[in-house]
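Please follow the account below with the model in view. It moves from one sheet to a helix, then to charged pairs and a surface patch.

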Amino acid sequence: MTKRTDITTSSFNAVRLTNDVFWVGAIDWTTRNFHGYNTSRGTTYNAYLIIGEKVTLIDTVKFPFRDEMLARISSVINPKDICYIISNHAEPDHTGALKWIIDKVNPEKVFASKMGVKALNAHYGLNDIITAEDGSELNIGGDLNLSFINTPMLHWPDSMFSYLKEKRILFSQDAFGMHLASGKRFADEMDKYILCEEASKYYANILMPYSKFILKLIEKINSINLQIDIIAPDHGPIYRSSKDIEWISNMYSSWASKKTISKTAVIVYDTMWQTTDVMARAIAEGIELTGATAALYPLQSSHRSDIAAALLKAGALIVGSPTLNNNMFPTVADLLTYIKGLNPTKLIGAVFGSYGWSGEATSQIKQILEDMEVKLISEPIKIKYVPKNEDLLSCQQLGRSIGTQLNKICIENDKND
Ligand code: FEO
């Protein structure tokens, strides 16, 4: 999106976190596509200003939102007073305006992680970025000190956290974030149901592949006994109450370990002439007969990022496709490519589909699910042309088997809790 820069942005104000720390980011009410992720509630790009003796800016915003950020900074200080800029994460939604603001305010120093230095050079040709070593500290004047914690692969190699010790504020870049545009800045001002939905969707679509790194990071944070009063991420709300901080931290531990597995089977499928569709519905009937839950996602009307979110807790993934020109249906291929990259874990599964004359789709899908380490509970159900009553009973039986297994898994899980 290109924003006009000839319109004044002077009405945009900073939002105070503490007496010397401000949010100076931008709200993107418009975006609905974040490289394949359906951001149905928009997003924010959060940047933060610390008014130390050395005024410090933490992260910036996506390039089209630079004037909004500058206006918010200007509501607190003269932007030229910025001495230091810290780049916690090099992805362009946080560094798009970095070179522009460097040119404008000419800061004394700009810091990033070792990998961040390389990424900022590669993206923008920036040469004078200083490495913020893992565990090092930067005095920003008086009694204010920032320390740096490298968080590689959360979710880029360059990612790091900055921690303002004296105020106990963790600037966590993408971690603990969510895509949610709002006029409110703090989690305690927002609807908890929406926060839960968007935080889990964000985790599933951005962080799920790196769950093992998240578990290690949680260990690291616990081992250094980091005291946190505020978590300030780069997207969505800021957490300032101990209740909210505990909530999001617990959610991350639970999602990263997939501690809670629900009795839900996600059934994703597409259909040409409603024959694969009727198979999907028969499987769903069988699942429901066992007391487990079937969540159907017909791909003609479902977005891949909502399916990814459903897989965060689901215990089963069942995939159906017709065969089109010797291949699985294109929408199914899209979905499988996307979710394979997200690496969902602890899933049982099955494959089904109807076909006309060759029927390769089901074996292709089976191979992909095996590569994803989904534990298939049977061979694919493959029906030629239109399913007969006995075929639909086989589909229902498959659903029953999946539901029965899910019930067992959940009982085992509860015992081990
Ligand atoms: Fe919000 Fe990885 O960028």
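The paragraphs that follow describe selected parts of this predicted model.

Residues are numbered from 1 along each chain as its sequence is written. Because the model is predicted, local features need pLDDT of at least 70 and side-chain atom pairs count only at pLDDT 80 or more, whereas totals for chains, interfaces and linings use all residues; side-chain values use heavy atoms, with hydrogens and water left out.

The account begins with a sheet. Helices (H or I, at least four residues) and strands (E, at least two) are DSSP runs, numbered from the N terminus. Two strands are said to pair if DSSP finds at least two bridges between them. In general, strands of a sheet pair through backbone hydrogen bonds, either parallel or antiparallel. Here an open sheet with mixed pairing is formed by five strands in the order E12-E13-E14-E15-E16. Strand E12 (137-139) and strand E16 (230-232) are at the edges with a single partner strand each, so one side of each has no neighbour in the sheet. Direction ignored, neighbouring strands of this sheet are turned by 20° against each other on average, where axes are lines fitted to C-alpha atoms, for helices over the stretch in contact, and angles run from 0 to 180 degrees between N-to-C directions.

From the E12 edge, the pairing can be followed strand by strand. E12 pairs with strand E13 (residues 145-150) in the antiparallel sense over three bridges, and leucine 138 stands opposite leucine 146 in E13. E13 in turn pairs with E14 in the antiparallel sense, over five bridges; phenylalanine 161 in E14 is the bridge partner of isoleucine 149. The pairing of E14 and E15 is also antiparallel, over three bridges, with phenylalanine 171 in E15 as the bridge partner of serine 162. The hairpin of E14 and E15 has four residues between the strands, and arginine 168 in this hairpin takes a positive phi near 55°.

How many residues of strand E14 (residues 160-164) are buried? Five of the five are, so the strand is largely enclosed by the rest of the structure. Buried means under 20% relative accessible area, exposed over 50%, and partly exposed in between (1.4 Å probe, protein chains only). In a regular strand the side chains alternate between the two faces of the sheet. In E14, Met160, Ser162 and Leu164 point one way and Phe161 and Tyr163 the other, and all are buried.

Helix H3 (residues 98-105) offers a second buried region, with Leu98, Trp100, Ile101, Ile102 and Val105 as its buried residues. Their cover includes strand E8 (55-58), helix H1 (66-74), strand E9 (82-87), helix H2 (92-95), strand E10 (109-112) and helix H4 (114-124). After H3 comes asparagine 106, with a positive phi near 50°.

A buried charged-type residue is found in a loop: aspartate 20 lies between strand E1 (15-18) and strand E2 (21-23). The relative accessible area of aspartate 20 is 12%, so this residue is buried. Apart from its neighbours within four places in sequence, aspartate 20 is in contact (heavy atoms within 4.5 Å) with Leu49, Ile50, Ile51, Leu144 and Lys167.

The structure holds 18 salt bridges, a salt bridge being a side-chain nitrogen of Lys or Arg within 4 Å of a carboxyl oxygen of Asp or Glu. One of them joins the side chains of arginine 41 and glutamate 197 (3.0 Å, N to O). Arginine 41 lies in the loop between strand E5 (37-38) and strand E6 (43-45) and glutamate 197 in helix H5 (residues 192-207), so the pair ties together parts that are 156 residues apart in sequence. Arginine 41 is partly exposed at 27% relative accessibility, and glutamate 197 is partly exposed at 32%.

Another salt bridge is formed by aspartate 188 and arginine 240, with 2.8 Å between the closest N and O atoms. Because aspartate 188 lies in the loop between strand E15 (169-171) and H5, and arginine 240 in the loop between E16 and helix H7 (242-257), this pair ties together parts 52 residues apart in sequence. The relative accessible area is 38% for aspartate 188, which is partly exposed, and 37% for arginine 240, which is also partly exposed.

In a further salt bridge, the closest N and O atoms of lysine 366 and glutamate 379 are 3.3 Å apart. Lysine 366 belongs to helix H11 (residues 361-371) and glutamate 379 to the loop between strand E23 (375-376) and E24, 13 residues apart. Glutamate 379 is exposed, at 55% relative accessibility. Salt bridges with shared partners also join Arg41, Glu197 and Glu198 into one network.

The last feature lies on the surface, where Trp357, Tyr385 and Val386 form a nonpolar patch with about 430 Å² of accessible area together. Patches are made of residues with over 30% relative accessible area and no salt bridge; like charges are joined within 9 Å and nonpolar side chains (Val, Leu, Ile, Met, Phe, Trp, Tyr) within 5 Å. Tyrosine 385 of this patch is placed in the loop between strand E24 (381-384) and helix H12 (389-416).

How values were computed
Areas by Shrake-Rupley, 256 points an atom, 1.4 Å probe, with all protein chains shown as cover.
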